[in-house]
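Q: I have a new model open and want to read it feature by feature. Where do we begin?

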Amino acid sequence: MLDIQNLNVVFGTGRLRVEAVKNVSFHVEPGAAYGLVGESGSGKSTVLRAICGLAPITSGRVLVDGKEVTTPRSKAFYRTVQMVFQDPYASLHPRHTVDRTLSEPLAIHGEKKDAEARILQALREVGLGPSFRFRYPHQLSGGQRQRIAIARALILRPKVLLLDEPTSALDASVQAEILNLLDDLRRRLGLTYILVSHDLAVVAHLCERLLVMQHGEAVEETTADALRSGDASNAYTRSLIHASQGFTRVATQPAQAPAA
Amino acid sequence: MTKPLLDVEDLRVRFHLRTGTVEAVRGVSFQLGRERLGIVGESGSGKSQTGRAILGLTPPPGEVKAKRLAFDGIDLLTASKKTLRTLRGGRISMVMQDPKYSLNPVMTIGEQIIEAYQAHAKAGRGEARDRALAMLEAVKMRDPGRVFSLYPHEVSGGMGQRAMIAMMLVTEPDLLIADEPTSALDVTVSMEVLRILDELVTERGMGLIFISHDLKLVSSFCDRVLVMYAGRVVEELEAKNLREAQHPYTQGLMRCLPTLANDVRPLPTLNRDPSWAL
């Protein structure tokens with residue numbers, strides 16, 4: 001479905017030149033979910049942004065459905081690929097109602113005919129009722145906003161959803177709801193996901209395969225099952241697994257129970 | 001434990017708004033010795049307002065009431081502004097969530113640490129400078145001399161957070177309140193910051209209040225945990241016994257996290273019982 005070949009993204013020139021993504025390649029099958037993991041500055045979000053045209057492709061190829069993408073991206077591209085951003089507080093227009101937010105993609109793609117029915121359906125798909133249609137973002141909770149952002153991405157019936165840290169701005173209980181929703185939507189609509197997250201547990205939950213990135217380079221490609229069994233060949237991946245298990249006191253103070 | 005460092009009884013924080021009164025904290029009581037206390041809860045549970053109220057940092061329309069709010073025998077509710085000023089930053093410090101917003105963008109990191117130190121200790125510039133450098137070293141900055149003369153925008157998030165911890169600890173406080181000190185950081189960096197915090201707290205015998213939404217992190221870092229929901233403490237327990245939590249809210253929070261160890265699908269979600277908020 002999606003093929004990334006030797007992708008390089010460079011920002012700036014001369015002294016300010018930053019190689020954000022260095023020679024990253026991966027392949028995502030239709031209907032699969034693929035994770036990109038790494039710390040901030042590892043280039044994981046830049047890969048997503050390069051795919052959807054928000055960052056330049058300096059060299060390398062991005063193929064969607066076997067066809068190389070054009071710059072600027074065509075309308076057909078955005079019908080296939082849509083993005084959900086990290087912060088639902090920032091990604092929805094504060095002065096547009098849910099209805100307007102959801103009708104905008106339809107208007108852009110000239111599909112205003114049955115807009116009302118599609119908006120209601122999109123709301124239903126993300127588990128919100130029609131009563132949410134004329135609300136403003138400030139009248140919604142964080143989880144509801146993220147549901148609207150997902151509905152906005154889904155309303156054009158894309159095949160690929162790019163998810164940039166979709167749950168990291170949300171509370172744990174809300175995160176569980178959104179993850180369940182994403183899981184469910186993928187199965188029902190046969191979507192392909194690329195999920196960027198710094199949380200290994202989230203990536204392992206949603207994705208089958210994942211790529212660990214550090215300093216713009218791909219460090220290791222592995223599977224969720226391998227992660228679960230703690231089976232990682234790379235030291236950096238191991239340190240991520242270790243860190244995801246919570247804080248551990250240094251070995252110099254052995255695990256004494258504070259009973260003393 | 002002899003006399004508690006901090007004694008909070010029936011703390012209430014109210015905001016009188018045009019649309020009515022919102023009670024953000026509704027009767028929180030706890031005592032803190034020289035230990036690590038975690039306060040966990042979701043957004044809006046009142047955990048941050050609890051931390052702020054202790055320092056007298058409740059934002060304007062807010063009103064703080066308590067039966068008792070005493071730090072080392074000093075009543076914080078009736079104390080004069082002058083006393084509060086000497087306490088704040090001197091004996092009680094607070095580390096905020098995001099170094100990007102909490103550090104002064106137009107002062108170098110070194111200057112800010114010196115300012116914090118000189119506000120509370122009679123010290124000459126040379127001595128303050130030495131202290132600041134020593135503190136930067138204590139938080140494991142690789143090149144303290146260089147970081148000293150950098151501006152906040154020139155350092156990474158993890159370094160900024162360490163600089164803030166250095167600034168807060170330079171006055172050698174007895175109590176440190178850390179409000180989500182690692183939420184803006186990467187997992188690996190946040191472990192590093194926590195390790196530094198842990199070392200300093202243990203070495204200096206400080207009391208620590210660690211406010212976070214991350215139950216897993218808090219339980220692995222603190223000795224004792226208060227779980228807050230809708231402005232109340234719903235459960236208090238030893239961190240190591242978190243797995244045996246009794247309250248359905250705590251249990252629900254524990255369960256809804258995806259873990260590497262076991263793959264549950266769909267994830268259990270939290271069914272909020274209105275009676276929890278009563």
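Q: How many helices and strands does chain A have?
A: This is a predicted model. Chain A contains ten helices and ten strands.

Q: How compact is chain A, judged by its radius of gyration?
A: Set the value against the globule rule. The radius of gyration is 20 Å, close to the 18 Å that the rule gives for 260 residues, so chain A is as compact as a globular protein of that length. The C-alpha trace spans about 65 × 50 × 35 Å along its principal axes.

Q: What share of the residues in chain A is buried?
A: Count C-beta neighbours: 20 or more others within 10 Å make a residue buried. By that test, 44% of the 260 residues in chain A are buried. Now take contacts in chain A with a separation of 6 or more: 66% of them join residues 24 or more positions apart.

Q: What does UniProt list for residues 4-240 of chain A?
A: The unreviewed entry gives "domain: ABC transporter" for that range. Over residues 4-240 the chain is 38% helix and 25% strand. The end C-alpha atoms of this stretch lie 24 Å apart.

Q: How do I read the interface between chains A and B?
A: The size of an interface is often given as the accessible area lost when the parts come together. Here, use contacts: 28 residues of chain A touch 29 residues of chain B.

Q: Which elements give two or more residues to the side of chain A that touches chain B?
A: They are α7 (172-189), α8 (200-206), α9 (224-228) and α10 (235-244) of chain A. α7(A) gives the most, with seven residues. By class, this side of chain A has 14 nonpolar, nine polar and five charged residues.

Key. Residues are numbered from 1 along each chain as its sequence is written. Chains are lettered from A and ligands numbered from 1 in the order in which they are written. This is a predicted model: local features need pLDDT of at least 70, side-chain atom pairs count only at pLDDT 80 or more; totals for chains, interfaces and linings use all residues. UniProt positions are given in the numbering used here, feature names are shortened, and annotations may be inferred rather than shown by experiment. Helices (H or I, at least four residues) and strands (E, at least two) are DSSP runs, numbered from the N terminus. The radius of gyration is taken over C-alpha atoms; the globule rule is 2.2 Å times the number of residues to the power 0.38. A residue is buried if 20 or more other C-beta atoms lie within 10 Å of its own, exposed if 12 or fewer, and partly exposed in between; C-beta atoms are placed from the backbone. Two residues are in contact if their C-beta atoms, placed from the backbone, lie within 7 Å. Ala, Val, Leu, Ile, Met, Phe, Trp, Tyr, Cys and Pro count as nonpolar, Asp, Glu, Lys and Arg as charged, and the others, Gly among them, as polar.
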